[in-house]
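Work through these short exercises with the structure open. Try each task before reading its solution.

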Amino acid sequence: MKGLFVSPSPHRSSNASTARIMLMVIIALVPAAVAGCVFFGPRAAMVLAMCIACCIIFEALCRIVMKREQTVGDLSAVVTGLLLGMNLPASVPFYIPIIGSFVAIVVVKQLFGGIGQNFANPAIAARIVLMLSFTEQMSNWVKPYWYTSVVDAESSATPLVAEWLEFGNASGGLSKMAPFTLGEMFFGETGGCIGETCAAALIVGGLFLIFARIISPATPIAFIGSFAVLTLIYTGSTVETVYGVLAGGLLIGAFFMATDYATTPLTTSGKIIFGIGCGLVTFIIRSFGSYPEGVSFSILLMNLLTPYIDKLTKLVPLGAKKPVKGGNA
């Protein structure tokens, strides 16, 4: 007679490799990256290519210097470079992608042990360092390519609600006017970073990752949903709420950076808490802070809180018993 053996999870294994997962993320990012190159011209493609190349080079050199197994083949450096480039304006000087790639790969990733051991999303951390160090260059968003030449790039507003134009109305009060239409925002014909303006492409890429079971929908839904609810309560306007969701880096952050395996909670309840926290911090910074965009700061802050969220929401493995204090387990 065969006995029933109970052991802690995991009970199933997966043949998904790091390289395959990263490849799927790259595929999901391609539509938004291509849209950014179409909207902002050849210079956008050069910024993306430089970020990817620098991240690969820094990763390879780090592994050589540290005398560790080479990890360039897992494609994680490519994903970091692509995400970093998509979070930069097309007009940035070329030394900025180099510095950003160094911070992302060397400082945030490799000095902490490499993939899976970094405390924060490398692309997010690098973007924040660049924003704080080169504020003017990082805030020089330009209009889509067909509105202006690459040489004489014309600065453009971002469509965040906090930056809407105010004008006097017939009743003597102030009304807000959005700098772009909802259609322009949805398809990406606005000012902004290379990969954050085309909401349609980001949504397609995000849904691809969800249906391919690469990411859980819990974090994006909690992130976008909590931000939308808070914005609707605060503004009382459905239009302003939709603008807030489509504007800035909310969608690219929710789908591609707040779902990073290494820096986000493991459980579904933890992912929901993480997403709500991101939405709350983003709303506070956008509505009351001095920076117009809060997505990067919110994800970084929640990355730091991930170990505590994991501890709060950890599950007891099937068949395991909690040790009794002062007694035998």
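**Exercise 1.** How many residues has helix H5 (residues 122-133), and what distance does it reach from its first C-alpha to its last?

Solution. This is a predicted model. Helix H5 has twelve residues. It reaches 16 Å from its first C-alpha to its last. Now compare that with the expected value. At 1.5 Å a residue, 16 Å is expected, and the span of H5 is close to it.

**Exercise 2.** Find what caps the N-terminal end of H5.

Solution. Go to Asn121. A side-chain oxygen of Asn121 lies 3.0 Å from the backbone nitrogen of Ala123. Asn121 is the cap.

**Exercise 3.** Decide whether H5 is mostly covered or not, and list what it packs against.

Solution. Start with the cut-off: buried means under 20% relative accessible area. Nine of the twelve residues of H5 are buried, so by this cut-off H5 is mostly covered. Among them are Pro122, Ile124, Arg127, Leu130 and Met131. Next, look for the partners. The buried residues of H5 pack against helices H3 (76-86), H4 (95-109), H6 (135-138), H11 (250-257) and H13 (295-313).

**Exercise 4.** Place H5 in the whole chain, then judge the confidence.

Solution. The protein chain has 13 helices and two strands. Of its 329 residues, 49% count as buried. The average pLDDT is 83, and 80% of the residues score at least 70. Then check the low stretches. Residues 148-157 stay under 50, with 22 contacts beyond four places in sequence. Residues 165-175 are also below 50; this stretch has 15 contacts beyond near neighbours in sequence.

Note on methods. Residues are numbered from 1 along each chain as its sequence is written. Side-chain values use heavy atoms; hydrogens and water are left out. pLDDT is the predictor's confidence in each residue, from 0 to 100. Contact means heavy atoms within 4.5 Å. Helices (H or I, at least four residues) and strands (E, at least two) are DSSP runs, numbered from the N terminus. Buried means under 20% relative accessible area, exposed over 50%, partly exposed in between (1.4 Å probe, protein chains only). The expected span of a helix is 1.5 Å times one less than its number of residues. A polar contact is a pair of N or O atoms within 3.5 Å; within protein, one must be able to donate a hydrogen and the other to accept it, and residues adjacent in sequence count only if both atoms are side-chain atoms.
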